[in-house]
Amino acid sequence: MKSSPSPSPGVTEEEETHGARGGGLEKKIVIPPAPIEKPFSLWPGTYRSPVTEALWHARSSFVQRVQNSPVDGPAQSRLLNRTPAQSRTSVSYGFSSDLVLREHYRDPWNSIRIGKLLEDLDALAGTIAVKHCTDDDHLTRPLLLVTASVDRISIKKPMLIDVDLKIGGAVAWVGRSSMEIRMEVNQPIDAITGEDNVALVANFTFVARDSQTQKAAPVNYLVPEREEEKHLYALGEARAAEKKKQRMQQQQHSSYITAATSEQLRNLLTEGRVFSEMPALADRNSILIRDTRLENTIICHPQQRNIHGRIFGGFLMRRAFELAFSTCYVFGGITPLFLEVDHVDFRRPVDVGDLLRFKSCVLYTETENVEQPLIHVEVVAHVTKPENRSSEVSNTFYFTFTLNPKDLEVNKEHLVRKVLPATEEEARNYLARYDADHLEPLHTSRLEDSQV
């Protein structure tokens with residue numbers, strides 16, 4: 001009796017026998033069934049940079065706990081005392097020696113991709129929030145932690161793509177169900193001395209929700225020990241109080257318009273109306289806001305989700321930044337230089353499968369300083385559900401750019417146009433943003449914060 005041929009690796013003998021055609025064997029490659037426990041590469045949030053990959057490994061035990069915890073487990077009830085040191089986490093970027101890593105973060109102008117850095121900051125802040133909130137009890141259901149807002153992020157010094165860089169942070173303040181996480185980006189001034197210098201500071205606010213009821217859930221206490229930690233805690237408490245005050249004022253005076261504001265609206269609309277009704281006579285050094293608009297639409301895929309199954313905030317920030325950069329580039333005609341992103345509120349969650357539309361425009365410009373003109377770009381993210389015929393604003397981002405000084409030096413006659421509103425809604429947004437940028441109540445606190 002002739003023995004049957006031994007099956008090839010990955011192909012069963014039965015498949016070879018049934019695959020016979022015309023006296024020959026048709027071999028089929030069979031993918032083995034997936035293991036019961038998902039490998040790390042298939043865990044949520046696989047849309048990661050090399051550095052965020054390391055962060056996900058750092059919180060892998062928590063991810064495993066989220067997947068294995070009982071849905072009907074008891075809520076966390078035991079609150080612990082945590083110090084900032086217990087949540088402090090940092091990640092180093094070896095740009096000087098790791099060419100592969102450098103290539104992941106290099107933009108076309110041989111600088112650091114700021115959008116990817118913002119994405120990493122959010123990922124690291126999420127890891128820090130997880131470390132602070134865990135109660136080390138595997139029987140309780142874990143908290144749902146989401147990014148609620150990000151305070152103004154300003155570039156304090158240029159960052160180089162070929163010099164090692166470090167991002168780090170810790171919980172600086174906690175409320176009942178929210179926490180503020182202070183993040184820093186450091187890059188050595190001198191590669192020889194290795195002296196760290198702060199290139200960027202950001203404050204992320206996370207809120208905790210019960211994963212079953214979706215209601216606010218208490219978080220662990222924070223016990224600052226060092227003087228610097230106590231100072232940061234006081235600043236965080238002051239910011240939280242100021243934000244609460246601002247929300248109340250906005251609710252009370254949302255429709256209140258002063259006589260001065262009304263006059264400003266009329267003046268802006270008068271200038272803009274010339275473009276609409278008499279374009280041949282319009283100022284050639286100006287342009288309408290609507291003529292600076294760009295738009296980008298994406299489908300939110302599972303690869304961009306966080307451990308809770310929703311699209312994480314860092315991904316949204318990166319996509320918004322890249323559209324804002326492109327908007328400024330098309331408007332200014334010279335490579336933009338990022339300066340800051342203003343306070344960002346995450347108004348509603350973005351889920352897998354959502355249609356996400358980013359709409360951008362240049363909101364206003366400041367050209368008094370010809371060596372550093374300022375271009376303010378607004379990006380609004382809309383979650384659109386065609387089947388429900390609905391569209392809601394998820395986030396609004398405000399970015400400030402200038403133009404590359406080296407390019408301006410070459411093009412000394414280069415002109416940055418003034419932008420004008422054509423509708424009352426655009427004029428209101430213009431004035432509201434201008435006032436927020438120049439009359440920011442927390443500006444003093446942030447300056448003091450950056451000097452710590």
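Asp 437 and Arg 433 are 4 residues apart in helix α11, which means that about one helical turn separates them. Their side chains meet in a salt bridge at 3.0 Å, N to O, a salt bridge being a side-chain nitrogen of Lys or Arg within 4 Å of a carboxyl oxygen of Asp or Glu. Asp 437 is buried, and Arg 433 is buried as well. Here buried means under 20% relative accessible area, exposed means over 50%, and partly exposed lies in between, with a 1.4 Å probe and protein chains only. Helices (H or I, at least four residues) and strands (E, at least two) are DSSP runs, numbered from the N terminus.

The model is a predicted one, in which local features need pLDDT of at least 70 and side-chain atom pairs count only at pLDDT 80 or more, while totals for chains, interfaces and linings use all residues. Residues are numbered from 1 along each chain as its sequence is written, and side-chain values use heavy atoms, with hydrogens and water left out.

**Salt bridges**

Side chains of opposite charge can pair when their charged atoms come close. The count in this model comes to 23 salt bridges. Asp 437 and Arg 433 belong to a network of salt bridges that also links Arg 152, Glu 340 and Asp 342. Three pairs are listed below.

| Pair | N to O distance |
|---|---|
| Asp 437 and Arg 433 | 3.0 Å |
| Arg 106 and Glu 103 | 3.0 Å |
| Arg 348 and Glu 392 | 3.6 Å |

The side chains of Arg 348 and Glu 392 meet at 3.6 Å. This pair links distant parts of the chain, 44 residues apart: Arg 348 lies in the loop between β14 (344-345) and β15 (355-366), and Glu 392 lies in strand β17. Glu 392 counts as partly exposed because its relative accessibility is 43%. In the pair of Arg 106 and Glu 103, Arg 106 has a relative accessible area of 33% and is therefore partly exposed. Glu 103 is also partly exposed, at 47%.

**The cavity**

Rolling a probe the size of a water molecule over the atoms shows where empty space is left. The search uses a 1 Å grid over the protein atoms alone, and a cavity is a set of points where a 1.4 Å probe fits but cannot get out; lining residues have an atom within 4 Å of a point. Grid points are joined across faces, edges and corners, and a volume is the space filled by probe spheres set on the points.

Over the whole structure, 1 cavity of 30 Å³ or more is found. The largest cavity has a volume of about 60 Å³. Its lining consists of Glu 340, Val 341, Asp 342, His 376, Val 377, Tyr 398, Phe 399, Thr 400, Arg 433 and Asp 437. At least two lining residues come from each of β13 (336-341), β16 (374-385), β17 (390-403) and α11 (424-438). The most, 3 residues, come from β17. By class the lining has 4 nonpolar, 2 polar and 4 charged residues, where Ala, Val, Leu, Ile, Met, Phe, Trp, Tyr, Cys and Pro count as nonpolar, Asp, Glu, Lys and Arg as charged, and the others, Gly among them, as polar.

**Strand β9 and its partners**

Strand β9 (residues 198-210) is mostly covered, with 11 of its 13 residues buried. Two strands pair if DSSP finds at least two bridges between them. Strand β8 (residues 178-186) runs antiparallel to β9 and is joined to it by 9 bridges; Arg 182 stands opposite Asn 203 in β9. Strand β5 (residues 143-150) is also antiparallel to β9, with 7 bridges, and Leu 144 stands opposite Arg 209. Strand β6 (residues 153-155) is joined to β9 by 2 bridges, again antiparallel, and Ile 155 has Leu 200 as its bridge partner in β9.

**Helices**

The expected span of a helix is 1.5 Å times one less than its number of residues. Helix α6 (residues 114-133) has 20 residues and reaches 29 Å from its first C-alpha to its last, close to the expected 28 Å. Of its 20 residues 19 are buried, so α6 is largely enclosed by the rest of the structure.

Helix α9 (residues 313-332) also has 20 residues, and its end C-alpha atoms are 28 Å apart, which agrees with the expected 28 Å. In α9, 16 of the 20 residues are buried. Gly 333, just after α9, takes a positive phi of about 75°.

Leu 99 is placed in helix α5 (residues 99-105) and counts as exposed because its relative accessibility is 57%. The C-alpha atoms of Leu 99 and Asp 162 are separated by 9.0 Å, the two residues being 63 residues apart along the chain.

Definitions and conventions. On a 1 Å grid over the protein atoms alone, a cavity is a set of points where a 1.4 Å probe fits but cannot get out, and a pocket is an open set with protein on both sides within 12 Å along at least five of seven lines; lining residues have an atom within 4 Å of a point.
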